[in-house]
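Thank you all for making time this morning; I would like to walk you through one structure, slowly, for those who have not met it before. Please have a look at it on the screen before I begin.

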Amino acid sequence: SLPAIDLGSDSIKWRQISGFIDVKPDVKEGPNTTKSSSVREIVSQGANYARLIMAARPFQLYVLCVFIYGHKFSLGWYDRRGVIISDDYDILDNLDIFVNVILQLTTHMTTYQLGHDRSARLLEGHSYYQFEYPSFLVSMGAAGNTRLWKTRGPPIWSSLSLLGRGTATWRALSAENKPNQKQVVVILKTLWRSQTRESESNIYAHIKSPLPGVAELSLGDDVCIPVAREAHACVTISTLRSLILDDGAGVLDDPVLHRLTLKTVGLPLWDASTTKDFILGSLAALKGHQGLVEQGFLHRDMSPGNIFVGGPDHAEGWEGFIADLELASVTQPETETVASLHPLSPSTGQLNTRGIFLEETVPSSSKAPGAEITGTALFMAEELLSMMLHPDKSKKKIRPAQMKREVHHDLESFILVLFYSVMNVVWSV
């Protein structure tokens, strides 16, 4: 979690860093290689720096860096889909370029050009360099969109992985400028979603709500920014790369920055005030999972960041709840009922056209839930883990899991989360 990489009152914190320079003494230690299958140590080390920066600064969308090795240098770009490295430059032969690069990165480029999310700005008087974690004013990014939230304190959860969804959640207050409107506490969540799947917001919308034990959606949408003549361009990895790097190459499964708010506010299981709250919260969350299954949903990512105990003012049935349905599978109906307009023949003397709506049963047009996704490996069912890394002895290669996810896999993960939460409390005593 975030505090583990953001400790220390006297030392520099990761959240105060937006980029880095990595120096190696030998030219042979540079990042570029002619072997496409190998990754240099300096690149892996840079990826580790980048993931720590993006975990401590969840609104950092990418990280820029400079690699210096012997008398040569190159530039690096890390984001949620990988790394891009420039050609090698000789410092002595290209001293003007080297000086200009350092000036741009340290002086001339704006915070947003260095990778900070344009839709999340520091509150007035707040800074990454202050002792307490700063607060942000967050929007959906598009011009004219008045939906605003103020974050409170550090993230509840921030992904420590560089690749993937990069999920971060915050406690936040609604901050829309409407007269006599009471500020409402919500959970604000930002993540990179796959375009091959329905968004998490849409999955929540399919639930016959309110469903006790399951977080309730307030609103959600893709984050947009004005790009050239387009006022509402969705923020994707390829969009960011094209804006800063002028890179026109396509991005595999180009993810979209998605943001949503949840009405249901709670705490991680291990922060339950009493043993009774822990037990009741766990039971309510389990009943919520059962309710989802009865409606045709399978969560598929039961992990500590997705199971909560309810807040002090929780409603009955929400003593605990589950959230994060982005990886959930949804049972697709084979047919659906639609209403279609059928013309009627005019009666004698009628000149106008008439029609009647009739209901018909047709093959379902519902969007498929997407490919099977592993979820959080640390809390995955043993059967799935075994299949996921089962070796193909004939070709000596690793093949992905082909097993269908079932309810018992989620339940095994739920038990592992309960054990982890109990141990977390024991370790903190």
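I will start with the chain as a whole and then turn to two acidic residues.

Please keep in mind throughout that what you see is a predicted model. The chain holds seven helices and 23 strands, and of its 429 residues, 42% are buried. Its accessible surface comes to about 23,300 Å², with carbon and sulfur atoms accounting for 56% of that area. If we take the contacts between residues at least 6 apart in sequence, 64% of them join residues that are at least 24 apart.

Let me now go to aspartate 117, which sits in the loop that runs between helix H2, residues 95-108, and strand E6, residues 120-122. Is this aspartate buried or exposed? Aspartate 117 counts as buried, because its relative accessibility is 2% and the cut-off for buried is under 20%. As for what surrounds aspartate 117, if we leave aside the neighbours within four places in sequence, it is in contact with Phe59, Leu61, Tyr112, Leu257 and Arg259.

The second residue is glutamate 412, which belongs to helix H7, spanning residues 407-428. With a relative accessible area of 30%, glutamate 412 falls between the limits of 20% and 50%, and therefore it is described as partly exposed. Which residues join glutamate 412 in forming a negative surface patch? They are Glu382, Glu383 and Glu406, which together with Glu412 form that patch.

How values were computed: Residues numbered from 1 in each chain as written. Predicted model: local features only at pLDDT ≥ 70, side-chain atom pairs only at ≥ 80, totals over all residues. Heavy atoms only, no water. Patch = residues over 30% accessible without salt bridge, like charges linked within 9 Å, V, L, I, M, F, W, Y side chains within 5 Å. Areas by Shrake-Rupley, 256 points an atom, 1.4 Å probe, with all protein chains shown as cover. Salt bridge = Lys/Arg side-chain N within 4 Å of Asp/Glu carboxyl O. Lys, Arg positive; Asp, Glu negative; His and termini not counted. Charge placed at Lys NZ, Arg CZ, Asp CG, Glu CD. Helix = DSSP H or I, 4+ residues; strand = E, 2+ residues; numbered from the N terminus. Buried < 20%, exposed > 50% of the residue type's maximum accessible area, 1.4 Å probe, protein only. Contact = heavy atoms within 4.5 Å.
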